[in-house]
Structure formats: structure tokens, C-alpha cells
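Subject: Structure handover

Hello,

Here is the structure for you to look through. My notes follow below it.

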Amino acid sequence: MTSSSAIERKLKREIAARKAAESLLEAKSLELFNTNQQLELALKQVEQRSEASFKRLEFQQHIERILIHFGRTFLRSNLDDVLLSDLIKQLSEAAEGIWYCIELTDDLIPTLTNNRFKSSIQTDESIDFPMLKASIPIQVEQRNVGKLEVRLVGEDFDLAFIESQMSLVCELLSSSITRQLINLRLVKSKERAEASERSTREFLAMINHELRTPLNGLLGSVELLADTDLKGAQQELHTNLSQSGQLLRSIINDLLDFSKIDAGMLELIDSTFKWSNLQSTLCSIFEHKAAEKQIVFTVCSKGFENKSLKGDLERLTQIFVNLIGNAIKFTDEGSVKVTVSLKDKGFDFSVADTGIGISRSAQKKLFQPFTQADRSSSRNYEGTGLGLAICKRLVELMGGSISLKSEVGEGTTFFGFLPLVIEEVDENERVQQDLDIVAQDFSALKVLVVDDIKMNQVVITKMLSKVGITPDLAVNGLEAVEHATNQQYDIIFMDCRMPVMDGFEATKRLRDASYAKPIVALTAGTTREERQTCYDVGMDDILSKPYTAKDLTLTLSKWGPSSGLEAL
């Protein structure tokens, strides 16, 4: 009995122990299952995060490639419909489930015909999950000029990440638009500057013609008047008229040349001349004026014997006329002395007076335009205040130098250096050439003068009559073409600016019709561009207004005799 009970108790303990073990095993199994479930969940989460990170990285790299590609493209090309459509297309290829739209302000960029560019992917408003939207502004010069709108129809990316990437795209667009707008402004500014320059050139050409044309009539008439029988009082009036005309020419040159220098239009036109010719011109202009003021006027030159100079004679004359004119104007007693000394590559010069002098404060701004020591309405000395400014600019344009020394009450000396080409000349040969020109018989030449100004017709007709020529006359280019078509001329003097048809068009028509005889321009134009136009249309030479009888004779000698002999 006792043994049986013991066995039963033992069996019960074993059963209880087995049940406890089974319970423990079941609990551990459940715990292990839960742990496995958690591990699987965690693994799935890790896999999802890794995939999301990979997608983010892939998207970011794609955007970087887009930025590099279009950054280079926008530097080479302006924004247009094709480029922006291509940009939207490449953005759409970066990842699925994202919709893009670029919208710009109307008419901001003229190269765009459309102002709205969007993805081909269409959003579905009935999607169960909420659609995420963002709008990133496109700013140019601190103002909104458009926007880049983004819509997420998938759950692969968070909106903040997409916005950060699209802000880089907007910065690229902003930079490109800014660059293009700057370029557009530069183009417009250039066009305005070119239009302004054209207007300036046209105005200067017109005013040059309008001033020099009557001046040609004035100076030509004065020259012709000198050949008539003038009495004492008439001779004095003629001298006054001649000097006034020359000074008027100098003032007109100053005003026009200052404008041309400012516009970058003034060109030097070289010719070969003797210093004695320039000295003679200066003496004819200023000797009488100096005598009126009872001051001594002298021109001393050294080293110019048997030498010829090559330079812009008109500009050199202008420089000395301004310097000497100022010296005489501001000198009431004493003298004005011009000294010129030839050097290897030009000549030194000085213009010294015993006049009122210039204060040190006034000297500092003396070469500035429109500057005078006394600007009051009661001042003793008239003038434009351009003379010295023109002198300095012309001297510098020639590659020379000019400066001054002055003491108040003692006088002023301007001195400097002008570089010129110097050539040896056989004086006997030169004299013989002059005699040959004088001895030439021009009376057999058939000449046509084309000019719409009656006064200029009279002047050139009188000048030609002195060498035995009676020219035919035409008042415009159309008449000139008709005259030259119906008969042969040895030389045509063609004015450039005329009504109905100008001289340029008339010359071009004659050359197109195989007219081969010399055509010489009569022009007041002084810029290289205007002169080049004469040659471009087929003119052979230029006779600049105002011209003298000697200028006309030299032109006849250059172009007329050979043609005249052929006609004979």
C-alpha cells in the first residue's frame, strides 16, 4: 500500500513536471514566434528604408545631372519652348508619381511663345491617399516671375525632400532668366546707342553741309571779288570781309570738330604741303587784325627750306588760327610771335604774346571746352571757349603735345610738338610743276557742274571761267545722269547732297551704265566715313567745300588734261 502510493505520487509529479515543461515550451515558442515576427517586421522596415534611401539618392543624382546639363545649355542658348519642354520631360523621368508644371509671367521673355509647361502625367483627383502639392517661386531681381508647381501622386518621397530639390531647379531657371534679361537689356542699350550714334552722324553730316555750303559761296565770292578792280575803300571792305570769312570758317570748324571728336567721328586727312603755304594763310588772316590793334605780329620759321610736310593741313591751320587768334585777342600792346622749328620727325612750335596773361587757377581748366577766364556779360573778350579745347584734342589726335606758361600781366606762351612726315623737295622741280599747271590749257575741257545751290553754281562757274572753261550746269543727280548720257564730259563736278537724286545715287547709276570719265565730289563732308562713301559709289576724287580757285585748278590738272587730250 505504501509502495503503491509512492509510485502514484511520483507519477503525478512527473505528469505535473511534464505539463510545466510543456507550458514553458509553449510560452517560449510563443515568445520566439513574436520575436521572429518583430524581426521580420524590422527587417521589412530596414529594407523599405534602404529602398527609400536608394530612391532618394537616385532621384537626387538624376536632378544633379539635369542641373549640370541645363546649366551648360542655358549658358549657350536662350530659354525657349523647346528647352523648357525638355526640362519638364527630364524631370518627369527622374521618378514616377510626380507631376511638374513651370509657369512664367506673360511676355517676360520674347523667345517664349508659351508661358506654361507641364508633365504629361495626369493626376487623378479620385486617388484614395491624399495628394501632396507644393509651389516653389521663381524669383528674378527680387520679384516673382513665375513658379514651379509639384504634385506627388505616390508615397515614395516626402514633400520636403522634393521641394528642396526643386528649389535648385528654380535657382537654375532664375539665373538663366536673369542672364537672358541682362542680355536683352544690353542688346536694347546697344541698339539705342547705335541709333543715337547714327542720329549724331546724320545730324553732323547735315549741319556740316548746311554750314559749309554757304561758307563756300561766301569765301569763293570773296576770292573772286579780289580779281575785280577795287578802289581804296572797297579794298578795305574786301579785306575785312576776307578776314571775317576766314575767322567764321575757323569757328565753324571748331564747333563741328568738337562735336565730331566727342562722337568719335573726326579723322585726320593727310596731304602734302609746304610750310610757306600755311604761313602765308596765317599772315593773310592776322596781319590786318594785328595792325588794327597796333601790335607786332611775326612768324619765324627755321629749317623748312626744300622740305615738304605730310599731315592734315586744315587741322594744322585750325590749331594755329586758334592759338594766334587768342594771342591777338588778349594782347592790347606789344607783340605776338609765332616760332616754328623743324625737327627730325615733326616740328616744335610756340605762340608767345605780351597780353594780359592767365592766372594759375584758370590755367588748370583752360583746355576744357566752353571755358573762359571771364564769363560775365560785360567781359571784354568774346569767343566760344572751344578754341583751346579743340587745339589740345587735335594735337593729341596727331600724336603731339601742347602746354603753356603764363604770368598775369606779362603774357602767355603756348608751346608744343607736332609729329609730321618730312620729305626733301627739289625747289626748282616744284616751281616748274607750278609753272606747268599755270601753263596748261584747260579751255578744251568739257565740264559738267552738278549743284543745287545757285550761289555755288555762280562761284564755280566764275572760277572755271578764269581758266577758259564754260561748264554745263545741272541742279540734281537726275539731270546729271541725263546730261552725261546724252554727251561726253571730260570731268564732272558732282555735289553730294541734292534734292530729287543725290550725287551718290547719280554716280552709282553712271558707273553702272559704264560711264568711265572722272567724277569729282563737291562735298562739305569732312569725316572719313563720308569721304569713303564717295569712293565706294565710284567717285574718283573729292574737292572739299569751301574750296579755292587754286584747289579747283589743281583738280583740273590732276583729272582734266589727259581726258581733254583724249577728247581732242
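A residue counts as buried here when its relative accessible area is under 20%, and as exposed when that area is over 50%. Keep in mind that this is a predicted model.

By that cut-off, helix H8, residues 387–397, has a run of buried positions: Gly-387, Leu-388, Ala-389, Ile-390 and Cys-391, joined by Leu-394 and Val-395. What covers them? Among the elements that do so are helix H4 (232–262) and helix H6 (313–329), along with strand S10 (401–407) and strand S11 (411–419). Just after H8 comes Gly-399, with a positive phi of about 85°.

Now the chain as a whole. The protein chain holds 14 helices and 17 strands. It has 568 residues, and 40% of them count as buried. Take the contacts with a separation of 6 or more: 71% of them link residues 24 or more positions apart. The exposed area of the protein chain is about 31200 Å², and carbon and sulfur atoms supply 52% of that.

Next, Asp-495. The unreviewed UniProt entry annotates this residue as "modified residue: 4-aspartylphosphate". Such annotations may be inferred rather than shown by experiment. Asp-495 sits in strand S15, residues 491–495. Is Asp-495 buried or exposed? Its relative accessible area is 1%, so Asp-495 is buried. Beyond its neighbours within four places in sequence, Asp-495 is in contact with His-209, Val-450, Asp-451, Asp-452, Gly-503, Leu-522 and Lys-545.

One of those contacts, Lys-545, leads to another feature. A cis peptide bond joins Lys-545 to Pro-546, with omega at about -5°. Pro-546 lies in the loop between strand S17 (541–544) and helix H14 (549–567). Most peptide bonds are trans.

Helix H3 spans residues 159–225 and includes Ser-176. Ser-176 has a relative accessibility of 3%, so it counts as buried. Leaving aside neighbours within four places in sequence, Ser-176 is in contact with Phe-74 and Leu-79. Leu-168 is also in helix H3. At 35% relative accessibility, Leu-168 counts as partly exposed. Leu-168 and Leu-67 are 101 residues apart along the chain, yet 7.9 Å separates their C-alpha atoms.

There is also an open sheet of three strands. Its order is S5-S7-S12, and the pairing is antiparallel. Strand S5 (271–273) and strand S12 (421–424) are the edge strands, each pairing on one side only. On average, neighbouring strands of this sheet are turned by 30° against each other, direction ignored. S5 and strand S7 (residues 307–311) are joined by three bridges. In one of the pairings, Ser-271 has Gly-311 of S7 as its bridge partner.

Last, the loop between strand S3 (132–140) and strand S4 (143–152), where Glu-141 is found. Most residues other than glycine have a negative phi. Glu-141 has a positive one, near 55°. Gln-142 lies in the loop between S3 and S4 too. Its phi is also positive, at about 65°. How do the two sit with respect to the surface? Glu-141 is partly exposed, with a relative accessible area of 42%. Gln-142 reaches 82% relative accessibility, so it counts as exposed.

Best wishes

Definitions and conventions. Residues numbered from 1 in each chain as written. Predicted model: local features only at pLDDT ≥ 70, side-chain atom pairs only at ≥ 80, totals over all residues. Heavy atoms only, no water. Buried < 20%, exposed > 50% of the residue type's maximum accessible area, 1.4 Å probe, protein only. Helix = DSSP H or I, 4+ residues; strand = E, 2+ residues; numbered from the N terminus. Contact = heavy atoms within 4.5 Å. Areas by Shrake-Rupley, 256 points an atom, 1.4 Å probe, with all protein chains shown as cover. Pairing = 2+ DSSP bridges. Axes fitted to C-alpha atoms, helices over the stretch in contact; angles between N-to-C directions.
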